[in-house]
Amino acid sequence: MMPIDPTLFTIAAIVLWALGMLLFAFAGEKKVLKWAAHGSFLAGVGVLVVFTWLLWDILGRPPMRTLGETRLWYAMFLPVIGYATYIRWDYKWILHYSGAMAILFLAINLIYPDNYDRDLMPALQSIWFVPHVIVYIFAYALLAGATIVAVKGLFIKYTGRNRTWSMQPADNLVYLGLGFLTLGLLFGALWGKEAWGHYWMWDPKETWAFLTWIGYLAYIHYRYHKPKRITAAMWMLAGAFIILLIAWFGVNYLPSAANSVHTYSQ
Amino acid sequence: MSLNNEIPKMKKKPVWVAPWGYTEGWLICAGLLITGLALQLTAGGLDSKALSWPANIITGGMFTGLIAGGWLLFRGNPLVNWLARVPAAVTSIALITFLVLIMGFTLQENEGNPLWVQQLGLSNMTGSWPFLFGMMFFLSSLGMATMKRITPMKGRNIGFFLNHAGLYIAILGGLLGAADLKRVTMDLYEGEVVWGATDRQGHYMDMPFAVELERFNMEEYNPKIALIVTETGRIVPEAISEMFEIDTGHRGNMIGWDVEVLKFYAMSGRIDGRFEPVVDYGAPPSALVRVTDTSGQSIEGWITSGSFMYPHQLLNIDHEHSVAMTIPRASHYSSDVVIYTPSGDLIETNIEVNHPVSVNGWKLYQYSYDDRFGKWSSTSVIEAIRDPWLPVVYTGIFMLIAGSIYLMTLGKAPEKDSENRPERDEEEMSSPENKKYEGITAENRMSEESMPGRVTKPEPETELAGV
Ligand code: HEM
């Protein structure tokens with residue numbers, strides 16, 4: 001019943017990113033190819049922006065209700081963050097990894113197509129809905145960027161290549177990401193008060209959101225104190241991201257979530 | 001702490017010799033856990049109502065006074081000094097993480113959990129001794145760190161203050177306020193004035209106002225077309241993503257069957273095998289659909305989701321499958337009410353989900369309705385909540401919101417001298433940003449004045465016993 005075909009947009013974005021990444025990898029010094037690489041990569045984001053905008057319009061509600069819809073936003077933000085990190089620190093690989101992750105998330109949406117419908121349960125009809133979700137997914141994307149830096153660092157360390165590795169991009173992404181994560185958590189609390197009557201109820205989703213938050217909190221304090229111990233720091237980032245993924249997708253499968261009020265995300 | 005930069009890397013510092021580090025922190029965590037669990041097993045869980053007004057304000061005042069006084073008078077004490085530094089912060093954060101992680105995996109309810117889980121308090125984590133001890137450790141560290149930075153208060157510490165004091169206020173306020181939080185529900189019936197409410201345990205209480213339900217309102221989304229297995233009534237999984245909204249003219253393909261909605265009535269009545277629009281109590285929605293299979297054969301028929309008064313109706317499309325109409329879901333529901341206060345005020349208002357109404361220190365929420373009747377429900381349940389500590393918690397939350405903006409600005413500029421990276425040191429890959437500290441003497445490393453506020457400022461590496 002959709003007047004537009006989600007699959008078409010999804011595939012277009014994937015192809016444009018893949019092309020952009022290929023061009024980035026093989027452009028060398030050729031100016032034209034470089035421009036084409038930037039153009040293709042950003043066009044992929046553009047396609048997704050247009051699609052999300054159309055979807056919002058067609059559904060008549062923010063497309064942020066289902067897990068598939070949140071993946072859409074994630075796949076939109078992540079390449080932007082990877083691209084910005086690349087522009088700022090000149091790390092081309094982060095662009096590739098963020099592009100690959102975005103493609104992976106869109107591919108999941110292709111395999112499990114969403115049932116887009118207009119229904120939005122009354123509890124979600126709030127001015128907090130959009131800022132809460134956007135800020136959260138943006139934080140998730142930033143923290144994914146930091147994780148990529150850490151995992152690549154771990155890889156370099158354990159494959160024994162004697163190279164130095166800077167955690168500075170990771171730190172900066174975590175500061176930004178944790179800032180957004182905090183905002184998301186607090187917006188959620190303020191919204192919870194209006195919708196359910198209390199700002200914090202240790203519902204499983206909240207419990208795991210708290211764990212994610214405090215994991216990154218531990219990271220920045222540890223970094224501040226022991227900036228030289230980067231291996232431990234990289235492991236912390238990897239662990240924190242696993243908790244983040246559980247908070248995002250995994251909670252629904254945990255026995256502790258049997259009575260969650262947040263079951264709308266399915 | 002030593003000011004001497006030349007001190008060779010020390011051997012492992014003996015435990016419990018100042019300054020304490022991570023080892024002491026882990027031992028303290030273990031001690032708190034063991035004591036907490038022992039108390040839990042012998043004395044049982046905590047009474048969540050034990051700290052109601054005014055015991056909570058006294059406890060909070062004393063706790064905060066102890067931290068402030070402790071720092072002002074005894075900052076040389078190894079414990080006090082340690083609490084204000086990162087090893088205490090990281091180990092207390094780790095303890096809380098550990099406890100909350102258990103909570104994240106355990107259903108927080110007695111039913112469904114083995115007895116030992118209940119006895120250890122793991123199925124009621126926030127009401128257990130280990131959690132209380134963990135929080136006290138956490139808050140002591142947080143409070144002490146705040147005290148350390150605000151004595152003396154400096155303008156550039158404002159971001160630090162907003163985050164740390166904000167979190168302290170929000171968490172302490174939330175914990176202490178829990179006992180004063182009242183949540184009760186009022187069951188309203190159309191045209192009846194209700195003064196009383198019941199809490200979760202079923203205790204009755206009189207409210208300082210009365211509520212009369214004038215009308216319960218509900219709007220619904222259109223129902224959806226679903227493909228079901230006739231015998232079980234279950235939706236065919238492969239067709240879930242192909243379900244679509246019913247409206248006249250809508251058309252979709254469901255795993256090979258082409259389904260077209262010829263007519264749709266939001267409220268209808270059955271007349272001689274067909275449906276006609278009616279406005280009537282309990283009238284269900286209905287649709288005339290045409291289903292065409294791959295060979296081009298088609299059948300037509302009426303379907304309805306039914307209501308509490310009328311049965312549902314399917315359209316069989318082969319010996320196994322049917323096309324069905326889902327039960328419409330609510331898009332909005334709310335209660336038109338009149339609230340009477342003892343001072344004689346009469347407030348006519350509407351209570352809707354996400355739009356609570358405040359009266360005399362209480363907030364009223366649309367909570368539920370009689371879902372057997374759906375939009376024809378003549379009852380509505382309103383939840384009334386009183387949370388006198390909310391302003392405290394919100395103060396903390398708004399400080400944290402401001403603080404998180406500060407946090408976002410903490411990033412550093414990219415390094416210029418990526419060529420001159422230090423060599424890999426013995427056990428760690430070097431991180432280039434440490435380069436900055438190598439030319440700095442320990443003396444000015446210690447002095448806050450010489451450091452720009454935002455640069456990472458490690459403590460001298462005296463805690464070699466650390467992680
Ligand atoms: C909203 C949560 C928190 C945020 C955003 C945060 C952020 C920070 C940041 C960015 C620093 C680096 C120094 C600076 O900014 O000037 C820091 C230092 C520190 N934090 Fe936190 N923190 C938070 C919670 C906590 C908690 C829960 C504790 C203790 C349990 C803690 C204890 C400390 C300590 C001891 C320092 C070092 C202070 C010093 O050496 O002067 N923080 N924090």
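# Close-up views of a predicted model

**View 1. Ile255(B) sits in the loop between β6 (251-254) and β7 (257-265) of chain B.** The model is predicted. Phi of Ile255(B) is near 30°. That is a positive value in a residue other than glycine. The relative accessible area of Ile255(B) is 37%. Ile255(B) is therefore partly exposed, since buried means under 20% and exposed over 50%.

**View 2. Trp16(B) also has a positive phi, near 65°.** Trp16(B) is a residue other than glycine. Its place is in the segment before α1 of chain B. Trp16(B) has a relative accessible area of 44% and counts as partly exposed.

**View 3. A cis peptide bond runs from Trp53(B) to Pro54(B).** Omega for this bond is near 0°. Pro54(B) belongs to the loop between two helices of chain B, α1 (22-43) and α2 (55-74).

**View 4. Thr151(B) and Pro152(B) are joined by a cis peptide bond.** Here omega is about 0°. Pro152(B) is found in the loop between α6 (129-150) and α7 (158-177) of chain B. Both of these helices, α6 and α7 of chain B, also supply at least two residues each of the shell around the ligand.

**View 5. The ligand lies between chains A and B.** A total of 24 residues surround the ligand. The closest are His221(A) from chain A, and Ala84(B), Arg149(B), His164(B) and Tyr406(B) from chain B. Which elements each supply at least two residues of the shell? From chain A, α7 (204-225) does. From chain B, α4 (86-105), α6, α7 and α8 (390-408) do. The most comes from α6(B), with 6 residues. By class, the shell around the ligand holds 16 nonpolar residues. A further 5 are polar and 3 are charged.

**View 6. Polar side-chain atoms of His221(A), His164(B) and Lys148(B) approach the ligand.** For His221(A), a polar side-chain atom lies 2.6 Å from a nitrogen atom of the ligand. For His164(B), the distance from a polar side-chain atom to a ligand nitrogen is 2.7 Å. What kind of ligand atom does Lys148(B) face at 3.3 Å? A polar side-chain atom of Lys148(B) lies at that distance from an oxygen atom.

**View 7. Arg183(B), in strand β1 (residues 182-189) of chain B, has polar partners in both chains.** Is Arg183(B) buried or exposed? Its relative accessible area is 16%, so Arg183(B) is buried, under the 20% cut-off. In chain A, the backbone oxygen of Trp196(A) lies 2.8 Å from a polar atom of the Arg183(B) side chain. In chain B, a polar contact of 3.0 Å joins the side chains of Arg183(B) and Glu383(B).

**View 8. Helices α4 (residues 92-111) and α5 (residues 129-158) of chain A pack against each other.** Two packed helices are described by the angle and the distance between their axes. For this pair the angle is about 120°, and the axes are 10 Å apart. That angle makes α4(A) oblique to α5(A), because 65 to 115 degrees counts as roughly perpendicular and over 145 as roughly antiparallel. The crossing in which α4(A) passes α5(A) is right-handed.

Definitions and conventions: Residues numbered from 1 in each chain as written. Chains lettered and ligands numbered in written order. Predicted model: local features only at pLDDT ≥ 70, side-chain atom pairs only at ≥ 80, totals over all residues. Heavy atoms only, no water. Helix = DSSP H or I, 4+ residues; strand = E, 2+ residues; numbered from the N terminus. Buried < 20%, exposed > 50% of the residue type's maximum accessible area, 1.4 Å probe, protein only. Near = heavy atom within 4 Å. Polar contact = N/O pair within 3.5 Å; in protein donor to acceptor, adjacent residues only side chain to side chain. Nonpolar A, V, L, I, M, F, W, Y, C, P; charged D, E, K, R; others polar. Axes fitted to C-alpha atoms, helices over the stretch in contact; angles between N-to-C directions. Parallel < 35°, antiparallel > 145°, perpendicular 65-115°, else oblique. Left-handed = near helix turned anticlockwise from the far one by under 90°.
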